[in-house]
Amino acid sequence: MEEKIRELLPELAEIEDGALRDKVVAAYEAALERGGWQPEDMARMPFTLLLEPCPATYLEHTRAVTRCAVAVGAAMAEAYGSRLNIDRDHLLAAALLHDVGKLLEYREEGGGFVKSELGRMLRHPFSGAALCYEFGLPAAVVHVVATHAREGEGSRVTPEAIIIHHADFMNFEPFKL
Ligand SMILES: [Fe+2]
C-alpha cells in the first residue's frame, strides 16, 4: 500500500525531510485502512459531497491544491525573502494531508459516496487533525489540517495555513460558477 500511495501522490517525493515524508505516508496508510479503502479509490472518490456531480476526484483535488500551494509559496518567498517564513516541507506535507480526514468522512453506498457515521460527528478537519497528531506530524502541519476550512476562520496563525486555505478554495469555488 505504501508504494502505491507514493506513486499516486508524486509530490510526496518533494518533501526533503525523509522522516516527515514517512509520517505523511503512515497517516495516509492508516486513513485508507480505517476507511476501508484501497489507494486507487482516491482516484474515483469525489473531493466534495457538496457538488453533484462532483467535477474532480479526491486525488486530483489534493494534488492540485498541493501544486498551487507550493507555487504560491515559492512566489511569496521570492518576493518577500526572509520577511515571511514559509516552510516548504510543511507546506507540502500539510497540503497533501489537508483533506486526509475525508477518507474517514465518507463511505460508499449503492454505488455512490455518502457521509460515514464518524463523518457526521466529526468533519474532516477534525478527524484529519487527530490522525496527523496521532502519527507525529509537527504541530505546524496539524494546525493547517485543523484550520484549512470554515472551522478555522479566525484561527490561522501561519503563512502555510493561510496559503493552503486559499489554495483549497481556489480549487473548489470555480467549479460552482
Ligand atoms: Fe477540506
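Which residue takes a positive phi in the hairpin of β1 and β2? To find out, select Gly110 in this predicted model: in the hairpin of β1 and β2, where 2 residues lie between the strands, Gly110 is the one with a positive phi near 55°.

Widen the selection next to residues 106-109, which form strand β1, and to residues 112-115, which form strand β2, and you will have a pair that runs in the antiparallel sense over 4 bridges. Within this pair, Tyr106 stands opposite Lys115 of β2.

From the hairpin, turn to the largest nonpolar core, which holds 35 residues, and pick out Ala27, Leu97 and Cys132, the residues that touch the most other members. At least two residues of this core come from each of α2 (18-35), α3 (58-80), α4 (88-97), α5 (102-105), α7 (124-134), α8 (139-147) and α9 (159-170), and the largest share, 7 residues, is supplied by α4.

Now centre the view on Cys132, which, leaving aside residues up to four places away in sequence, touches Ala27, Leu97, Leu137, Val141, Val142 and Val145.

For the last stop, show α4 and α8 together, which pack at an angle of about 40° with their axes 9 Å apart, in a crossing that is right-handed. On the α4 side, select His90, Ala93, Ala94 and Leu97, and on the α8 side Ala140, Val141, Val144 and Val145, since these residues make the contact. Coloured by character, the residues of this contact divide into 7 nonpolar, 1 polar and no charged. In soluble globular proteins, nonpolar side chains tend to be buried together.

How values were computed. Residues are numbered from 1 along each chain as its sequence is written. This is a predicted model: local features need pLDDT of at least 70, side-chain atom pairs count only at pLDDT 80 or more; totals for chains, interfaces and linings use all residues. A nonpolar core is a set of buried Ala, Val, Leu, Ile, Met, Phe, Trp, Tyr and Cys residues joined through C-beta atoms within 7 Å. A residue is buried if 20 or more other C-beta atoms lie within 10 Å of its own, exposed if 12 or fewer, and partly exposed in between; C-beta atoms are placed from the backbone. Two residues are in contact if their C-beta atoms, placed from the backbone, lie within 7 Å. Axes are lines fitted to C-alpha atoms, for helices over the stretch in contact, and angles run from 0 to 180 degrees between N-to-C directions. A crossing is left-handed if the near helix is turned anticlockwise from the far one by less than a right angle, and right-handed if clockwise. Ala, Val, Leu, Ile, Met, Phe, Trp, Tyr, Cys and Pro count as nonpolar, Asp, Glu, Lys and Arg as charged, and the others, Gly among them, as polar. Two strands pair if DSSP finds at least two bridges between them.
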